[in-house]
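Colleague: I am new to this structure. Please take a close look at a single part, the place where two of the chains meet, and take me through it.

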4 protein chains.
Amino acid sequence: MERRILLTECPDAKGLIAMITGACFRHQFNIIKNDQFVSEADSRFFMRTEIEGDFENGNGDRMVDEILSSIPAGGRCRLEPETRKKILILVTKEPHVLGDLLMKSYSGAMPIDIVGVIGNYSVLEDLTAKFNIPYVTVSHEGISREEHEKRMLEAISKFESDYIVLAKYMRILSPEFVNHFPKGKMINIHHSFLPAFMGAKPYQQAFDRGVKIIGATAHFVTESLDEGPIIAQDVIKVNHNYSAESMARAGRDVERMVLDRALGRVIADKVFIHGNKTVVF
Amino acid sequence: MERRILLTECPDAKGLIAMITGACFRHQFNIIKNDQFVSEADSRFFMRTEIEGDFENGNGDRMVDEILSSIPAGGRCRLEPETRKKILILVTKEPHVLGDLLMKSYSGAMPIDIVGVIGNYSVLEDLTAKFNIPYVTVSHEGISREEHEKRMLEAISKFESDYIVLAKYMRILSPEFVNHFPKGKMINIHHSFLPAFMGAKPYQQAFDRGVKIIGATAHFVTESLDEGPIIAQDVIKVNHNYSAESMARAGRDVERMVLDRALGRVIADKVFIHGNKTVVF
Amino acid sequence: MERRILLTECPDAKGLIAMITGACFRHQFNIIKNDQFVSEADSRFFMRTEIEGDFENGNGDRMVDEILSSIPAGGRCRLEPETRKKILILVTKEPHVLGDLLMKSYSGAMPIDIVGVIGNYSVLEDLTAKFNIPYVTVSHEGISREEHEKRMLEAISKFESDYIVLAKYMRILSPEFVNHFPKGKMINIHHSFLPAFMGAKPYQQAFDRGVKIIGATAHFVTESLDEGPIIAQDVIKVNHNYSAESMARAGRDVERMVLDRALGRVIADKVFIHGNKTVVF
Amino acid sequence: MERRILLTECPDAKGLIAMITGACFRHQFNIIKNDQFVSEADSRFFMRTEIEGDFENGNGDRMVDEILSSIPAGGRCRLEPETRKKILILVTKEPHVLGDLLMKSYSGAMPIDIVGVIGNYSVLEDLTAKFNIPYVTVSHEGISREEHEKRMLEAISKFESDYIVLAKYMRILSPEFVNHFPKGKMINIHHSFLPAFMGAKPYQQAFDRGVKIIGATAHFVTESLDEGPIIAQDVIKVNHNYSAESMARAGRDVERMVLDRALGRVIADKVFIHGNKTVVF
């Protein structure tokens with residue numbers, strides 16, 4: 001008895017749930033959990049089904065083929081195993097998000113294997129080394145953005161990973177760089193409640209505006225800076241006593257919690273990308 | 001094209017979702033939203049399906065019969081129309097929860113008709129009258145608890161209602177009184193984060209204990225005081241500056257919001273009672 | 001024994017707290033509560049002191065004069081009585097914020113007297129009339145913005161008020177209109193978490209962007225639309241199931257709670273305007 | 001120019017703020033931040049004053065003496081330097097709270113030096129060793145509670161510490177053990193929203209009761225299990241989908257955040273113990 005995730009996405013039609021759950025039943029899979037959603041605006045159907053049963057001898061693949069032949073054109077269906085995901089982390093100088101991921105991987109709280117950490121400074125090498133994880137420094141100093149991104153791509157290519165996490169990687173990425181990766185592979189944590197305070201120094205912007213709440217946003221990285229599909233957001237209250245610096249300090253816990261929640265959902269195959277939005281089951 | 005809620009509950013078995021959604025499909029109902037849950041501890045299956053289609057000529061009833069004949073013994077299935085629910089409200093002296101319900105009913109924010117308000121004081125008669133809703137005072141003064149509950153039951157029996165809401169009705173109800181009503185009919189808002197601070201004066205108890213958070217709990221009323229199935233809870237932060245009185249003041253907004261959320265779920269048929277707990281879709 | 005609020009604001013200097021609390025002590029006032037704040041950026045000092053004692057025979061005024069003569073140039077000091085504030089409300093069609101204020105004024109939960117309600121539609125006249133409060137309709141239809149604002153100013157001038165609350169008044173105000181009122185007199189509730197989604201249809205904007213949290217912002221009205229000093233903000237979580245419409249529905253409770261909190265602080269003289277920010281004690 | 005915290009606590013009296021801030025002024029200390037509170041129930045005055053100035057040549061001590069001679073009998077006053085605090089941590093098997101403290105100490109996010117970790121299992125030795133901090137295993141197996149506590153006291157006595165943090169130390173402490181330490185020295189994180197679910201297995205209790213919110217409580221340890229003064233609490237929402245185990249998993253983030261917040265306040269000398277409560281500035 002094994003457990004897998006069945007992910008279906010297609011134009012909406014009558015009877016889709018009956019058809020898919022019927023296929024699961026005929027192939028002797030038990031449904032542990034099922035979530036579905038239809039986007040009204042564009043009539044798109046999304047369904048995530050946790051199933052349990054015997055996937056030997058192509059039983060699962062045949063079911064997927066059956067479903068694929070029944071859903072409307074333009075649909076997708078696949079089975080994902082429940083395995084530990086491989087994560088590559090990009091950092092700059094701040095240790096809190098990296099530290100959190102290292103700890104959660106080490107303790108088993110999150111089913112991830114951190115395959116490597118790449119930083120544009122070497123500051124976080126010592127912390128990474130404590131957990132016996134390779135660290136590569138790719139300095140941006142004295143070279144052009146193009147050259148730096150080229151070296152980053154080289155360093156990244158040395159690691160096999162399911163997801164690349166920007167754990168407070170403080171460099172702006174060019175569209176060319178982003179386009180090297182499939183959509184949905186790269187996740188960023190932005191230290192503001194997007195779309196408020198896009199771009200640089202969001203805590204300073206928040207301080208200048210005098211907001212009473214600050215937040216963090218985890219999103220998939222796309223060509224447009226800070227405009228990719230949002231996966232998770234959260235906030236904390238601040239007040240006039242906070243400086244830009246103490247906002248930044250207070251914001252660290254939200255940043256890591258939001259990234260944590262987003263990554264947890266992504267690696268559990270609970271997140272569909274839907275245009276510039278997400279469906280998060 | 002009409003919309004109804006299909007509610008199914010039974011011992012768990014393989015293929016239930018496929019069977020029920022298949023029945024919907026065969027009877028030409030479109031599924032708008034579907035939620036299901038299996039309680040692991042006792043293998044009980046719960047499913048709520050919003051469907052749209054033609055319920056004329058017994059089409060819906062036939063589908064329910066079909067489902068009933070297919071689910072395991074000990075199951076239930078029924079169709080609920082999406083109608084405004086009739087609410088009877090019991091109060092004592094505090095106006096905030098009553099006021100909120102009156103306003104939400106008046107503005108259409110909540111699809112309820114308040115059929116009447118019964119209080120053991122007449123304080124809230126003036127407020128109720130503004131909204132042209134009958135108010136009955138059943139004073140408890142000078143009579144025994146038994147006699148008061150008898151008179152309350154008489155007053156209640158004059159109104160036809162789907163649900164009875166205890167909107168800060170501050171009298172303890174005897175098991176005899178509670179047993180006059182079907183399980184799930186009566187909803188109470190308790191002004192603490194149950195099971196902390198059961199019984200009388202929860203804000204005073206919270207003050208005495210020095211807690212840093214206070215809350216409110218909406219639950220179905222059962223024979224055991226403050227121990228019925230919890231529907232919704234929420235909290236707010238307090239600190240050493242709060243007296244028992246200012247906690248009570250601050251708690252009012254949570255009380256009405258929690259009741260609001262609970263009642264909203266109940267009248268949308270999103271709440272299953274499951275032993276001493278609830279499944280809230 | 002009477003209670004008043006002593007409000008002091010001036011350039012920072014050594015010994016200000018000692019000087020002001022010393023003045024209170026010499027004039028035999030007991031300090032019930034004291035809050036102060038120094039803005040580092042511009043070295044400005046703010047202090048709010050709740051005092052109790054004998055204000056007869058100019059005792060309070062003499063203390064204020066003493067303080068004024070001791071604080072640095074460019075400072076202010078005044079005593080505010082703890083009285084019910086007079087509120088004028090501007091509305092359009094949505095009843096939830098108005099309803100909340102009417103109820104809180106009626107029940108005494110908020111120490112305000114609502115002197116009148118002015119709407120650009122007559123929809124909310126019936127609700128207002130239930131509480132015996134005058135309602136004036138100033139329709140904007142068929143006339144220019146200038147003419148409408150002229151008529152609004154006329155209508156407003158008929159009421160004596162401490163504060164004007166825009167309780168979902170959905171018209172953009174011209175700088176000319178805003179400048180008729182002293183800074184800090186007019187409070188608006190904006191249905192987004194500013195500065196995200198300024199301007200029109202914030203819930204539609206939030207839906208389009210796919211955010212996971214929506215919010216509301218209460219702020220003082222200034223010439224620049226949605227850019228005045230923020231008094232209070234709060235948020236609620238949403239997800240892919242929400243349409244723009246259901247976000248708007250869900251947002252109503254946050255809107256009224258945020259306005260409630262903001263107005264509660266303002267009428268208790270807990271809010272200082274500090275440039276384009278607020279200090280909220 | 002040095003910064004220290006002036007902590008005063010005494011029976012309430014008129015003019016205390018003026019007297020204390022006057023003393024600061026006369027001794028040429030600048031007040032950076034000041035908080036005070038009077039408990040109405042027992043008329044007790046608490047004040048925390050962050051001051052900056054010259055503490056050389058006994059200037060600070062003389063001021064404290066002056067204040068002590070002016071406050072009512074039964075009062076206390078002292079100056080605390082802003083130094084890194086020494087923390088000794090007690091653990092059992094769960095790594096998340098320990099990991100968080102190790103990381104925050106390592107990164108400088110919290111000004112603490114972890115002097116050692118003592119566990120009744122050796123599970124967390126590897127994690128502790130990564131940060132070059134001594135770990136002592138004091139197994140409870142095969143010995144009486146008395147004997148185990150004796151050995152724990154011995155192990156504890158080998159470390160010099162300002163505070164002892166029970167970071168998910170899952171053994172019940174006898175009053176004899178607790179009484180070896182001054183009040184306020186030992187801080188515990190309890191994995192429930194106290195006073196709900198005191199004692200063992202709070203997540204199982206929460207699951208059995210069907211609550212919709214779970215929480216965590218950081219408190220000073222006293223003789224009575226889970227009844228010491230509460231320093232911080234927080235909660236997260238759960239629903240019917242949660243098992244006792246997944247509640248426990250979800251609760252971990254709240255546990256470490258609450259302990260973090262509590263410890264942060266304690267080491268900044270922001271927490272006064274007041275009977276069985278706390279005043280947290």
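Modeller: A salt bridge here is a side-chain nitrogen of Lys or Arg within 4 Å of a carboxyl oxygen of Asp or Glu. The model is predicted. In it, Asp234(A) and Lys237(C) form a salt bridge, with the closest N and O atoms 3.4 Å apart. The rule finds two salt bridges across the interface of chain C and chain A. Residue pairs in polar contact between the two chains number 16.

On the chain C side, the elements that give two or more residues to the surface touching chain A are helix H7 (202-209), strand E11 (230-237) and strand E13 (277-280). E11(C) provides the largest share, seven residues. Sorted by class, this side of chain C has 16 nonpolar, seven polar and nine charged residues.

Next, the extent of the contact. Chain C contributes 32 residues and chain A contributes 32 residues. About 2,700 Å² is buried between chain C and chain A, and carbon and sulfur atoms give 59% of that area. Arg209(C), Lys212(C) and His240(C) supply 26% of the area that chain C buries against chain A, more than any other three residues.

Last, the symmetry. A turn of 180 degrees and a shift of 0.0 Å along the axis lay chain C on chain A with an RMSD of 0.0 Å. This is the relation of a two-fold axis. Ala196(C) is the residue of chain C that comes closest to the rotation axis, its C-alpha lying at 2.3 Å. Both copies use the same surface, as 100% of the contact residues of chain C recur in chain A.

Key
Residues numbered from 1 in each chain as written. Chains lettered and ligands numbered in written order. Predicted model: local features only at pLDDT ≥ 70, side-chain atom pairs only at ≥ 80, totals over all residues. Heavy atoms only, no water. Contact = heavy atoms within 4.5 Å. Buried area = accessible area lost by both parts, 1.4 Å probe. Polar contact = N/O pair within 3.5 Å; in protein donor to acceptor, adjacent residues only side chain to side chain. Helix = DSSP H or I, 4+ residues; strand = E, 2+ residues; numbered from the N terminus. Nonpolar A, V, L, I, M, F, W, Y, C, P; charged D, E, K, R; others polar. Least-squares fit on C-alpha atoms with pLDDT ≥ 70 in both.
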